[in-house]
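Work through these short exercises with the model at hand. Try each task before reading its solution.

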Amino acid sequence: MPTESGSCSTARQAKQKRKSHSLSIRRTNSSEQERTGLPRDMLEGQDSKLPSSVRSTLLELFGQIEREFENLYIENLELRREIDTLNERLAAEGQAIDGAELSKGQLKTKASHSTSQLSQKLKTTYKASTSKIVSSFKTTTSRAVCQLVKEYIGHRDGIWDVSVARTQPVVLGTASADHTALLWSIETGKSLVKYTGHVGSVNSIKFHPSEQLALTASGDQTAHIWRYVVQLPTPQPVTDTSQQISGEDEVECSDKDEADIDGDVSSDCPTIRVPLTSLKSHQGVVIAADWLVGGKQTVTASWDRTANLYDVETSELVHSLTGHDQELTHCCTHPTQRLVVTSSRDTTFRLWDFRDPSIHSVNVFQGHTDTVTSAVFTVGDNVVSGSDDRTVKVWDLKNMRSPIATIRTDSAINRINVCVGQKIIALPHDNRQVRLFDMSGVRLARLPRSSRQGHRRMVCCSAWSEDHPVCNLFTCGFDRQAIGWNINIPALLQEK
């Protein structure tokens, strides 16, 4: 028995010692000297290999952390006391109301009003500390339907660019690292025409605004203009093998799930080997090309740090646009005005104005911290730029000092495209994702990606086809395929 009482006494003393130690950690009204003096003395008395200046800095930082936690603890206690006081007041008011024989509905209304006041006060208290955290994560609870409709398989290497014809018949064009460009039937997925005039990677493809002409840019330092004639096949009934999947759902897949798509589906389609016009003024890879409004001139962007403006009829160089410090990555023309925007690895994009024949002005914009992979015009006076710094920025041409919206993502951005009519931005990423945002920076949807559908490697580019009834968004990637998606745009805008 004495032994047991002694052990109980020892355990009790140890428990009290632990309790007093834990209480000493949670002190709330100690002075500055008490907070920092004892730990500093204890730590300074211990052996350490850290320099005294480093130790002093660490002690100061730990002291600041402790003070921050202490302030939060005090604020928490004060809020708890206010809650208790309010509960007591509500209880007292409930008794008084019962004595006056008021209805339960009146009591419920009064209690709800007081509770809402407390809720508002709590929200106000913590609003300042949380607003900075959530400001970069504007999202919506949209469950928009994004359905994979058709896969376009036939290239032997990655696809850099995808584009949709602006005239009838509406066809899909793809530019590939296998040195070819292909035209496709959107409905059937059958390849219609193969262009083999380049001896380097085909990096870009754009269709003439009113004629059956295609403009391709290549790693062979040239841009080609070639004419095509296609006969669309009769569409066959399509069996829907994919289920409608919400744009926010995703199933991860690995590269080893990639299907074998080495077969050359395009081997039996007509081939065009000679261009109508060849543009040859660059001294480096031509990474992109586009038609100016009207289709009488073209602009090309090159790794030789210049962009060139050509006359289509004569193939002559009209202007050489110099000024970028590093390789160009993309070029884009305004749909209704003689404006050109070029992007570069020098972290800038430039706006070139050819509206006045006698004055060719240029404006430089430095809104990114890494390579600007693309900058495109939208309807009206907006420009959207994407970058390897994982941001997309929306700019107003009338005031380009700062963006009107910034979209922050988790992966580098490749060639973006904007749905002009609905003002929806499609963002292809290095991490195989494709996300849709509105012009204010709110995410609308994410295209589904799983082992059964979606891209299996980097998504390089996207293109909208706003009037096509079957597919209205096309994406391409380095998995050697292009994909047509049906996006429920009215549902997107209604849910937003």
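**Exercise 1.** In which sense do E4 and E5 pair, and over how many bridges?

Solution. This is a predicted model.
- Step 1: E4 and E5 run antiparallel, and four bridges link them.
- Step 2: For one facing pair, take Leu-183, which lies opposite Val-193 in E5.
- Step 3: Follow the chain through the hairpin of E4 and E5. Six residues separate the two strands, and Gly-189 has a positive phi near 75 degrees.

**Exercise 2.** Describe the pairing of E3 with E4 and the turn in their hairpin.

Solution.
- Step 1: Strand E3 covers residues 172-176 and is antiparallel to E4, with four bridges.
- Step 2: Leu-172 has Trp-184 of E4 as its bridge partner.
- Step 3: Four residues lie between E3 and E4, and in this turn His-179 shows a positive phi of about 75 degrees.

**Exercise 3.** Place E3, E4 and E5 in the sheet, and find its edges.

Solution.
- Step 1: The sheet is open, has five strands and reads E2-E3-E4-E5-E10. Its pairing is mixed.
- Step 2: The edges are E2 (159-164) and E10 (271-272), each paired on one side only.
- Step 3: Look for a parallel pair. E5 (residues 191-195) and E10 run parallel, joined by two bridges. Here Tyr-195 faces Ile-272 in E10.

**Exercise 4.** Are the side chains on the two faces of strand E4 buried or exposed?

Solution.
- Step 1: Side chains in a regular strand alternate between the two sheet faces.
- Step 2: In E4 (residues 181-184), Ala-181 and Leu-183 are on one side, Leu-182 and Trp-184 on the other.
- Step 3: All four are buried, and both faces of E4 are covered.

Notes
Residues numbered from 1 in each chain as written. Predicted model: local features only at pLDDT ≥ 70, side-chain atom pairs only at ≥ 80, totals over all residues. Heavy atoms only, no water. Pairing = 2+ DSSP bridges. Buried < 20%, exposed > 50% of the residue type's maximum accessible area, 1.4 Å probe, protein only.
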